[in-house]
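Colleague: I would like a close look at a single part of this model, with its surroundings and the rest of the protein as context. Please take one charged site and work outwards from there.

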Amino acid sequence: MSTVPGLGAIILAGGGSSRMGADKALQDWGGRRAVDRVADLARALGAAPVIVSGGDYGLPFVPDPAPQAGPVAGVLAAALALREAGATRALVLAVDAPTLRPADVAPLLAAPAPGAAYDGFHLPVAVDLAALDAGMAGDAPLHRLLAAAGVVRLPCPADLQPRVRGANTPQERAALLDDLPPEQSSQDR
């Protein structure tokens with residue numbers, strides 16, 4: 001896998017979920033943890049470094065400075081770490097969307113700067129790090145951070161929406177597991 005100059009990735013991993021009954025980053029998807037599947041997706045798209053925002057899962061990470069306030073504080077902390085590592089652009093991914101494929105995310109990276117997300121979804125998003133407002137309050141809604149960064153919205157095909165939405169309930173998890181290739185999903189039943 002070759003890297004794309006200046007492209008880093010942020011994986012938002014918020015910890016436990018009462019609806020999922022466990023930490024979504026540690027959920028097993030085809031014999032692999034969700035956080036590892038999402039990190040591999042970022043690397044397949046050419047991102048390096050890949051930083052987890054929210055906790056230590058054995059990957060480079062930054063602690064979320066305001067874990068109960070929403071994802072903005074974590075995005076900004078990870079964006080600072082990416083800038084220090086030489087990245088100029090970030091792919092921000094949610095750990096609860098571990099079935100995304102490179103072809104699902106590639107249109108966001110092909111959009112011109114300052115970045116793009118799919119219509120109706122805040123994540124995944126590709127964004128120019130210089131466009132992020134580092135002074136924004138950590139408890140601001142994510143859509144405000146993306147709007148301030150000038151992120152454009154691309155149409156999201158209906159067949160892609162379940163993978164973009166990810167698994168936030170056991171029912172969504174079951175549907176996405178059914179969509180994994182058979183050799184990957186058999187271990188999850």
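Modeller: I start with Arg-163, which counts as buried at 10% relative accessibility. The model is a predicted one. The partner of Arg-163 is Asp-104: the two form a salt bridge in which the closest N and O atoms are 2.8 Å apart. This pair links distant parts of the chain, with Asp-104 in helix H3 and Arg-163 in helix H5 (residues 161-165), 59 residues apart. Asp-104 is also buried, with a relative accessible area of 8%. Both values fall under the 20% limit that defines a buried residue.

The side chains of Asp-104 and Arg-163 are also listed as making a polar contact, at 2.8 Å. The pair belongs to a wider arrangement, a network of salt bridges that links Arg-101, Asp-104, Arg-163 and Asp-179. If neighbours within four places in sequence are left aside, Asp-104 is in contact with Thr-99, Tyr-118, Leu-160 and Arg-163.

Next, the helix that holds Asp-104. H3 covers residues 102-110. Its buried residues are Asp-104, Val-105, Leu-108 and Leu-109. Viewed down the axis of H3, these buried residues fall within an arc of 130°, so they line one face of the helix. The face turned away from the buried side of H3 carries the exposed residues Ala-103 and Ala-110. Asp-104, the residue paired with Arg-163, is thus listed among the buried residues of H3.

For context, the whole structure has 7 salt bridges. One of them joins Asp-96 to Lys-24, with the closest N and O atoms 2.9 Å apart. This pair, too, links distant parts of the chain: Asp-96 is in the loop between strand E8 (89-94) and H3, while Lys-24 is in the loop between strand E3 (22-23) and strand E4 (28-29), 72 residues apart. Asp-96 is buried, with a relative accessible area of 15%. Lys-24 is buried as well, and its relative accessible area is 15%.

Another salt bridge is formed by Asp-40 and Arg-43, whose closest N and O atoms are 2.9 Å apart. Asp-40 and Arg-43 are 3 residues apart in helix H1 (residues 34-44), so about one helical turn separates them. Asp-40 counts as partly exposed at 29% relative accessibility. Arg-43 is partly exposed too, with a relative accessible area of 31%.

On the other side of H3 in sequence is a loop that leads to strand E9 (115-118), and Pro-114 is found there. At 26% relative accessibility, Pro-114 counts as partly exposed. Not counting residues up to four places away in sequence, Pro-114 touches Ala-126, Val-127, Asp-128, Ala-131, Ala-149 and Gly-150. The C-alpha atoms of Pro-114 and Arg-89 are separated by 8.6 Å, and the two residues are 25 apart along the chain.

Two other prolines follow cis peptide bonds. The bond from Leu-123 to Pro-124 is cis, with omega near 0°. Pro-124 is in the loop between E9 and strand E10 (125-128). A cis peptide bond also joins Ala-48 and Pro-49, with omega about 5°. Pro-49 lies in the loop between H1 and strand E6 (50-53).

Last, the protein as a whole. It has 7 helices and 11 strands. The radius of gyration is 15 Å, close to the 16 Å that the globule rule gives for 189 residues, so the protein is as compact as a globular protein of that length. Along the principal axes, the C-alpha atoms fill a box of roughly 45 × 30 × 30 Å. Of the 189 residues, 50% count as buried, and Arg-163 is one that does. Among contacts between residues at least 6 apart in sequence, 68% join residues at least 24 apart. The accessible surface comes to about 8400 Å², and carbon and sulfur atoms account for 55% of it.

To return to the site itself: Arg-163 is a buried residue that forms a salt bridge with Asp-104, and both residues belong to a network that also includes Arg-101 and Asp-179.

Definitions and conventions
Residues numbered from 1 in each chain as written. Predicted model: local features only at pLDDT ≥ 70, side-chain atom pairs only at ≥ 80, totals over all residues. Heavy atoms only, no water. Helix = DSSP H or I, 4+ residues; strand = E, 2+ residues; numbered from the N terminus. Polar contact = N/O pair within 3.5 Å; in protein donor to acceptor, adjacent residues only side chain to side chain. Contact = heavy atoms within 4.5 Å. Buried < 20%, exposed > 50% of the residue type's maximum accessible area, 1.4 Å probe, protein only. Arc of directions from axis to C-beta. Rg over C-alpha atoms; globule rule 2.2 N^0.38 Å. Areas by Shrake-Rupley, 256 points an atom, 1.4 Å probe, with all protein chains shown as cover. Salt bridge = Lys/Arg side-chain N within 4 Å of Asp/Glu carboxyl O.
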